Amino acid sequence: MRAALAAAPEDVIVFDLAGIEAQFTALTEELPGLSVRFAMKACPVDGVLLRLAELGSGFDAASPREIEQAIATGVPLERIHYGNTIKSDRDIAAAHRLGVRDFATDSLEDVAAIAVHAPGSRVFCRLATDGYGALWGLSRKFGCSAADAVRVLEAARQAGLTPAGLSVHVGSQQMTSEAWRRAFETLADVIVTLNGRGILLDHVNLGGGLPALGYADRQGRRLDPPVDKIFTVIREGMQQLGEASESPLRFVMEPGRHLVADHGAIRAHVSRLTTRGQLDGERENWLYLSCGKFNGLYEMDGVRYRLVFPTHAGTGTEHVPAVIAGPTCDSDDAYGSDPVPVPRDAASGDPVWIFACGAYATGYMTQGFNGFSPLPHTLIDERA
Ligand SMILES: *Cc1c(COP(=O)(O)O)cnc(C)c1O
């Protein structure tokens, strides 16, 4: 990765396919028997999707266009599901025409639409979670209560659909194993209730939320998610659900961030390091980079990435605290107000390497806000 960043003459985001492959393999070894459906929005890059497809991954798609992109990798249609609970009649019909037969849902309105526009399909109902413990909670907008999930899947059966499963998403970059434990408890309760009403599921979808390891928090402290504990809780939870269910269950998971975040890095450059007197009389250093929220670092207001200044790597380098920001005329395009140590003599044009930014980077780049173009990407394969 460092060699690729060092060799880049211009700004670029680099994805390491061998790293992504190793991450995928480690996940499937941690959770035997699990089918992975990569959440495409985390990295909708054809070369990355193709590698995952070759490894046996399927795809969690959220729109007809994502479904088309997933199909183009050559995976069988059974490995693609429509994982978005939000879809118009037209979206459902398009997905059905493309051959998708598995749909996420969380409401009676959506089930009724699926019954009309994708008749005979299979549905899985997303249970709401509170997002506690996650950096991005994903609560309220998606999922329904346990009581509603029973109604929704009963309505699905009545409408000629197959009530096939349940899903959860514990929130993105979930930092606790407790959130998983609670999700499994809710799933077990709902499965038992459904079984009592004669609804036998064939799978449970554990969603996304597995953390990346390379971030710091907004104060610059390294995030240290308890991944081993999380995997233990998930293994135990799968076992318990299998025992609670009257029908055999398959397990599916839709990781996004966990598979790609730590295997993408950006080569950016210093736009300018400045010192300005603020209205309160403080003098502040600001380091403006060529990349920010609108061209590769969409999540920079939630996490901090490790920055390396390769042309200032010597031990004698003097540092000054500076607020980090992107290049656009938008005040959201910044790291918040906590300063980060940067080389005192960082000059315009100096390269900057930004690590662990492989997730939610490419899809979130604007078309060129303020004239700052989306970053091109390159793929490396460190095995080769
Ligand atoms: C975004 C998303 C994911 C992936 O979440 P991560 O936290 O990146 O793993 C999985 N499933 C659904 C339905 C999503 O919307």
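What percentage of the 384 residues in the protein is buried? Load the predicted model and colour by burial: buried residues make up 45% of the 384.

**Whole chain**

Start with everything selected. Show the cartoon. The protein has ten helices and 18 strands. Its radius of gyration is 22 Å, close to the 21 Å that the globule rule gives for 384 residues, so the protein is as compact as a globular protein of that length. Now draw a box along the principal axes. The C-alpha atoms fill roughly 70 × 40 × 40 Å. Next, turn on a contact map. Take the contacts between residues at least 6 apart in sequence: 72% of them join residues at least 24 apart.

**Two domains**

Colour 17-260 one way and 262-380 another. These are domain 1 and domain 2, respectively. Put a pseudo-atom at each C-alpha centre. The two centres lie 33 Å apart.

Select the boundary. Here 24 residues of domain 1 are in contact with 21 residues of domain 2. On the domain 1 side, pick out helix H2 (17-30), strand S7 (134-136) and helix H10 (257-260), the elements that give two or more residues to the side touching domain 2. H2 gives the most, with four residues. Colour that side by class. It divides into 13 nonpolar, seven polar and four charged residues.

Now select 18-261. UniProt, in an unreviewed entry, places the feature "domain: Orn/DAP/Arg decarboxylase 2 N-terminal" there. Check the ends: the end C-alpha atoms of residues 18-261 lie 13 Å apart. By secondary structure, the span is 43% helix and 17% strand.

**The ligand**

Centre on the ligand and show its shell. It is surrounded by 16 residues. Label the closest: Ala39, Ser172, Gly208, Gly256 and Arg257. Which classes make up the shell around the ligand? Four residues are nonpolar, eight are polar and four are charged.

**The loop between S17 and S18**

Move to domain 2, which covers 262-380. Find strand S17 (351-354) and strand S18 (377-380), then select the loop between them, where alanine 356 has its place. Measure its phi in the viewer: for alanine 356 the angle is near 60 degrees, a positive value in a residue other than glycine. Most residues other than glycine have a negative phi.

Go further along. Asparagine 370 is in the loop between S17 and S18 as well. Phi of asparagine 370 is also near 60 degrees, again positive in a residue other than glycine.

Are these two residues buried or exposed? Count C-beta neighbours. Alanine 356 has 22 other C-beta atoms within 10 Å; the cut-off for buried is 20 or more, so alanine 356 is buried. Asparagine 370 has 13 within 10 Å. That count lies above the exposed limit of 12 or fewer and below the buried limit, so asparagine 370 is partly exposed.

**Leucine 307**

Last stop: strand S14 (residues 307-308), which holds leucine 307. Which residues does leucine 307 touch, not counting those up to four places away in sequence? Select Val352 and Ile354. Both numbers fall within strand S17 (351-354). Leucine 307 has 18 C-beta neighbours inside 10 Å and therefore counts as partly exposed.

Finish with a distance. Draw a line from the C-alpha atom of leucine 307 to that of threonine 162. The pair is 145 residues apart along the chain, and the separation is 49 Å.

How values were computed
Residues numbered from 1 in each chain as written. Predicted model: local features only at pLDDT ≥ 70, side-chain atom pairs only at ≥ 80, totals over all residues. Rg over C-alpha atoms; globule rule 2.2 N^0.38 Å. Contact = placed C-beta atoms within 7 Å. Near = placed C-beta within 6 Å. Nonpolar A, V, L, I, M, F, W, Y, C, P; charged D, E, K, R; others polar. Domains from an automatic or database assignment. UniProt positions renumbered as here; feature names shortened; annotations may be inferred.
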